[in-house]
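Subject: Structure handover

Hello,

Here is the structure I promised to pass on. Please open it alongside this note; my findings follow below.

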Amino acid sequence: MSLLPSFWAVIPAAGVGARMRADRPKQYLDLCGRSLLERTLDCFLGHPRLRGLAVSLAPEDPWWPTLACARDARILRAPGGRERADSVLGGLLLLAEQGATDGDWVLVHDAARPNLRRDDLDRLLAELAQDPVGGLLGVPARDTLKRVGRDGRVSETVDRSQVWLAYTPQMFRLGALRDALSAGLAAGAAITDEASAMEWAGHAPRLVEGRVDNIKVTTPEDLQRLQVVFAEA
Ligand code: CTP
Ligand code: MG
């Protein structure tokens, strides 16, 4: 355990959750008595190697102040932006103001992914501690994959052995990630996660296999699945 590196964390929580079609952004929905966002933060705030944590929030977010953790002095409030990458960048810049340096590890984790387990977090930290680039949690594709044409018909079966689903946390050095995100955003590149910014900048992030149930809540069905998991715990 002592081999685990110390790290900073950024939790982007400035999305609107359009696909969830709820009365508030999904990170503020209830999951067995507590909000998704509070459950997401738990795994990080309880970690002895955490040096600091920023949550990126939409301007004038009316829900954040209602959470108990809004009064937790360890949590920094960063400005969210238009895209997820803007929100992450806001968090990185705030951590740098707090003393994080370019060579420090930063873990970025979706606010809407509340079932991160400590063993997954520790495996990511341990596996990447000596890595020159960094990487992310992911899971290998399990089902047979089909490429589908506009007509709704299969055009090809894709080789499953080469396909993984990208999860979070994603773990990179602060300076390299900041530079990749800002250059990628400026160039209008398609950046859907931190790894894609790093790839765009010419790096090859490493995949670390994680638990399948570290799911991101995107639609109401995802929340129902997690309600079953948390009710059993
Ligand atoms: N996020 C963010 N800033 C944005 C967009 C997204 O901080 N401008 C965050 C979300 O709050 C979420 C994570 O990035 O924790 C993953 O994004 P996603 O699942 O797409 O969430 P939303 O954008 O909120 O959902 P949707 O795409 O359905 O609107
Ligand atoms: Mg989104």
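How many bridges join strand 8 to strand 9, and do these strands run parallel or antiparallel? Four bridges join them, and the two strands run antiparallel. Strand 8 covers residues 145-148, and strand 9 covers residues 154-158. Before going further: this is a predicted model.

**The hairpin**

V148 has V154 as its bridge partner in strand 9. Five residues sit between strand 8 and strand 9, and the two strands form a hairpin. In the turn, G152 has a positive phi of about 80 degrees.

**The cores**

The largest nonpolar core holds 41 residues. Within this core, the residues with the most contacts are L37, L41, F44, L53, V55 and W64. Several elements give two or more residues to it. Among the helices these are helix 1 (36-45), helix 3 (118-128) and helix 6 (220-232). Among the strands they are strand 1 (7-13), strand 4 (50-57), strand 6 (105-108), strand 7 (134-140) and strand 10 (164-173). Helix 1 gives the largest share, six residues.

Another core lies apart from this one. That core has 25 residues, including A54, A100, A180 and M198. As background, nonpolar side chains in soluble globular proteins tend to be buried together.

Look at W64 in the largest core. Residues up to four places away in sequence aside, W64 touches Y28, L37, L41, V55, L57, C69, A70, I75 and R77.

**The cysteines**

A search of the whole structure finds zero disulfides. Why does C69 form no such bond? The closest cysteine sulfur to that of C69 is in C43, 15 Å away, so the two are too far apart for a bond. C69 is buried, because its relative accessible area is 11%, under the 20% limit.

C32 gives a similar picture on distance. The closest cysteine sulfur to that of C32 is also in C43, here 17 Å away, so this pair is too far apart for a bond as well. C32 is partly exposed, with a relative accessible area of 37%.

**A buried serine**

S87 lies in helix 2, which spans residues 84-97. Is S87 buried or exposed? S87 counts as buried, because its relative accessibility is 4%. Setting aside neighbours within four places in sequence, S87 is in contact with P12, A14, S56, P79, G80 and G81.

Best wishes

Key: Residues numbered from 1 in each chain as written. Chains lettered and ligands numbered in written order. Predicted model: local features only at pLDDT ≥ 70, side-chain atom pairs only at ≥ 80, totals over all residues. Heavy atoms only, no water. Buried < 20%, exposed > 50% of the residue type's maximum accessible area, 1.4 Å probe, protein only. Contact = heavy atoms within 4.5 Å. Pairing = 2+ DSSP bridges. Core = buried A, V, L, I, M, F, W, Y, C linked by side-chain atoms within 4.5 Å. Disulfide = S-S within 2.5 Å.
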